[in-house]
Amino acid sequence: TLTSTYPALRLLSRYTPEFASALGTADPVRASQVDYWIDFCVDSLAPSAGFKHLAAAFAKLDTHLKLRSFLVGYHLTLADLACWGALKSSPVFTKQLKSGQDVGTYLTRWYLHVESLDFVRQALANVDKAVAEVRKAKTDQGSFEIGLKDAEHGKVVTRFPPEPSGYLHVGHAKAALLNDYFAQTYNGKMILRFDDTNPSKEKTEFEDAITYDLSLLGIKADSVSHTSDFFQEIYDIAVGMIKKGLAYCDDAPQEVMQEERRNMIDSKNRSNSVKENLRRFAEMTKASEEGQRNCLRAKINMQDTNGSMRDPVIYRCNLTPHHLTGSKWKLYPTYDLACPVVDSLEGVTHALRSMEYRDRNVQYAWFLKALDLRTVHVWDFSRINFVYTLMSKRKLTWFVENGLVSGWDDPRFPTVRGIRRRGMTIQAIREYILMQGASQKLLELEWDKIWAKNKSIIDPEAPRHTALLRDKITKVRVVDKDTFAPYAKEMPKHKKNPAVGMKQTVYSSELYLEFSDAQTLTEKEEVTFMDWGNVIIEKIEWSPDRTFIGLIEISLNLDGDFKKTKKKLTWLSRALPDGRNELAPVKLVLLDYDFLITKKKLEENDELKDCLNPKTEFRTEAWGDSNLRFCKHGDIIQLERKGYYIVDVPYDEAGDGAAPMHLILIPDGSAASTTPKAVLAAQQAQAAQAKDKKAAGGAAPAAASGKDEKRAAKKAKKEGKDAGAGGAAPAAKPADTKSSGGGSSSAGPVAGAAPVAAPSSGGPAAAVSASDMDTSNIKMYTARPVYGGDAAAPEVPSR
């Protein structure tokens, strides 16, 4: 067995005649010379070698290479690769080379030459990629190697015990997936048990929702049960505890009980007789006035340093009818008693639960031992906690009950339904949670990685569409010598995935641009209209106050090189082919959301109302391409240059088109999509302030250098020239150049189609008046020659 690098290299060089020829060891003489340099690597370039030893080795290599291009012969051999690899892995050599220290002129020349070879560069890239993946895996991947105690293949039984008092959130999803994972790993089974011991909060609605959400996560329990199935057994056990002196009834007020537990003081009822405790428990069973004043407590140790052992409450009265058992029971066991008892009775071998219960593990074990029940092994795992996110079911319920959200499926909620409504895929949830493993390390996770994981899943299949914001939307007219009739052309919905299908794109001489793009344009500038080709900006008609643009005239240059343009712009056609009203753009409302709270993590003394985010929903009106009318509820798409969206309210086929579609923005994992908007705004303001300060020479030295002065003068001259250009827009940020395909298209006038006369308004431009520029008078679609009727002419919103 070969256990080190250099013997493996020797074997490789002699493995086949082809290998020997390629690595320079086919000739016996050359092979012996190669072996010499491999031994040199072992003896003189070892990582453990001292600095002086290495310096001598570097000098020897430099001298040998003075009149040679390679170590052996006239071609690259295994000797070169072995020595280069040894030097590459030497911290001393790489540090000296990087810092510019002299390691030898000839040695440096040879080393850099070998490093520049294509196959070496490719090998280095592969190594870097592998190292990055390993590091990423170590950072992200939790371990499942937890060593379940006494786990036997085919005999492991886990359970997921949610309380049916709300909807599953991502924290619950982790618990469910881990229990399911270990049950499958050991070829065992998982029980879904509804912990229905508090009728005041529980509903059948929540049970149904939890069952459905688990099925979406790919979790199918081997059996479904309820704690209420065991109410009689638990009740009998409680009576037995009283008879054994392991439990007592206490009528102390809640405040007194809490104070006594905090100060480790025995309750005055702790020493009551068994007979008295049985009498009181009977009153609790009837829920009499006396019974309702009492609770049943386990008698463990009020002086224990672990608070969970200070006589916990194990039964209390509740007159609310149970959603399954009705009014049969008027007292109910608490989780502390019910959980270990039912785990043991139901055959659970391993109870996996979150770290919040760790202090209760000794209590759990006490109940099993005191009640002489079968042992159940407990394993704790860390909860999933996300920054700026509430996981408390009580706090989430408060939001629902106070009408601050639309329901448990609100896109701002961390419930499985909430994040699904915002565009999270089930696959991303599963992969991300399983990536965390069964770690016990407590973390406050950012949202970026789970949304980035989601993006990698949806991007290959999300159809691409176009949308323009309606505010100040800008009319564009093609003013080529020969105009053309509007026509539609089939285009792929996803250029890299033809299986996604085709869409209809309308081309005409009457177009629309988004104002944010239009205001960045200058006359005579060449830009690319995505999915069409290049155009030249001929004229820009700004309003007198330069707050909006009345019209932009362009000429087509479809043969232009789109790679040379800086701006790739999205657009929509204003005109339609005759009789094709179904190709008209549709109304959209684009929705984006912010976090519900303003603190990364709420502390115990934080008041929820003081940490509420005042604005968490953002609506923007837009026009979208006609193909969006075919999208269904829950479809995920990409709006070019805007991001990924999920259809929340689809197009109303039965309506008149007045009701807009609702699209919810899906975070993509970028900082802009996962940082609170107030924080982003503050960062942007700070950056702008720093930029202004720099421009004003705020913190600059008193005297600028000659180069700085020339650079500043050149910049000022250019800015003055741009500002004086006729029709140029005011200074604004450049248009977004990101696109998934801004290439030139063959779309243009249809072959054989007769040119049509340009509209009368397309003649020589007259002076623009203020009334002409008033956007409240501009119609989205103007007349029958364009769309064929006033019914299809929705108004552009006023400024």
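Let's start with Thr197. This is a predicted model. Thr197 sits in a loop, the one between strand 2, residues 189-194, and helix 10, residues 204-216. Is Thr197 buried or exposed? Its relative accessible area is 13%. The cut-off for buried is under 20%, so Thr197 counts as buried. What does Thr197 touch, once neighbours within four places in sequence are left aside? The contacts are Glu202, Thr227, Phe231, Tyr332, Pro333 and Ala338.

Next, helix 16. This helix spans residues 361-370. Which of its residues are buried? Asn361, Gln363, Tyr364, Trp366, Phe367 and Leu368. Now the cover over those buried residues. Two helices take part, among others: helix 11, residues 231-243, and helix 15, residues 335-345. Strands take part as well. The cover includes strand 5 at 295-298, strand 6 at 313-317, strand 8 at 350-354 and strand 9 at 377-381.

Stay at that end of the chain for a moment. Asp372 follows helix 16. It lies in the loop between helix 16 and strand 9. Look at the backbone here. Phi of Asp372 is positive, near 55 degrees, and the residue is not a glycine. Asp372 is exposed, because its relative accessibility is 70% and the cut-off for exposed is over 50%.

Now Tyr388. Where does Tyr388 lie? In the loop between strand 10, residues 385-386, and helix 17, residues 393-401. Its phi is also positive, near 55 degrees, and again this is a residue other than glycine. The surroundings of Tyr388 read as follows. Relative accessibility is 13%, so Tyr388 counts as buried. So keep the pair in mind: Asp372 is exposed, and Tyr388 is buried.

On to helix packing. Take helix 4, residues 51-64, and helix 7, residues 105-116. Their axes are 7 Å apart, and the packing angle is about 80 degrees. The range for roughly perpendicular is 65 to 115 degrees, so helix 4 is roughly perpendicular to helix 7. Which residues meet there? Helix 4 brings Phe58, Leu61 and Asp62. Helix 7 brings Thr105, Tyr106 and Leu107. By class, this contact has 4 nonpolar, 1 polar and 1 charged residues.

Cysteines now. How many disulfides does the structure hold? The count is 0. A disulfide is a covalent bond between the sulfur atoms of two cysteines. Two cysteines to look at are Cys339 and Cys631. Cys339 has 3% relative accessibility, so Cys339 is buried. Cys631 has 10%, and therefore counts as buried too.

Last stop, strand 23, residues 586-593. How many of its residues are buried? 7 of 8, so the strand is mostly covered. Strand 23 pairs with strand 24, residues 617-624, and the two run antiparallel. 8 bridges join them. For a landmark, find Tyr593, which stands opposite Glu617 in strand 24. Strand 23 also pairs with strand 27, residues 661-666. Here the strands run parallel, joined by 4 bridges. The landmark this time is Leu591, opposite Ile664 in strand 27.

A quick recap for your viewer. Thr197 is buried in its loop. Asp372 has a positive phi right after helix 16. Helix 4 crosses helix 7 at about 80 degrees. Strand 23 runs antiparallel to strand 24 and parallel to strand 27.

Methods
Residues are numbered from 1 along each chain as its sequence is written. This is a predicted model: local features need pLDDT of at least 70, side-chain atom pairs count only at pLDDT 80 or more; totals for chains, interfaces and linings use all residues. Side-chain values use heavy atoms; hydrogens and water are left out. Buried means under 20% relative accessible area, exposed over 50%, partly exposed in between (1.4 Å probe, protein chains only). Contact means heavy atoms within 4.5 Å. Axes are lines fitted to C-alpha atoms, for helices over the stretch in contact, and angles run from 0 to 180 degrees between N-to-C directions. Angles under 35 degrees count as roughly parallel, over 145 as roughly antiparallel, 65 to 115 as roughly perpendicular and the rest as oblique. Ala, Val, Leu, Ile, Met, Phe, Trp, Tyr, Cys and Pro count as nonpolar, Asp, Glu, Lys and Arg as charged, and the others, Gly among them, as polar. A disulfide is a pair of cysteine sulfur atoms within 2.5 Å. Two strands pair if DSSP finds at least two bridges between them.
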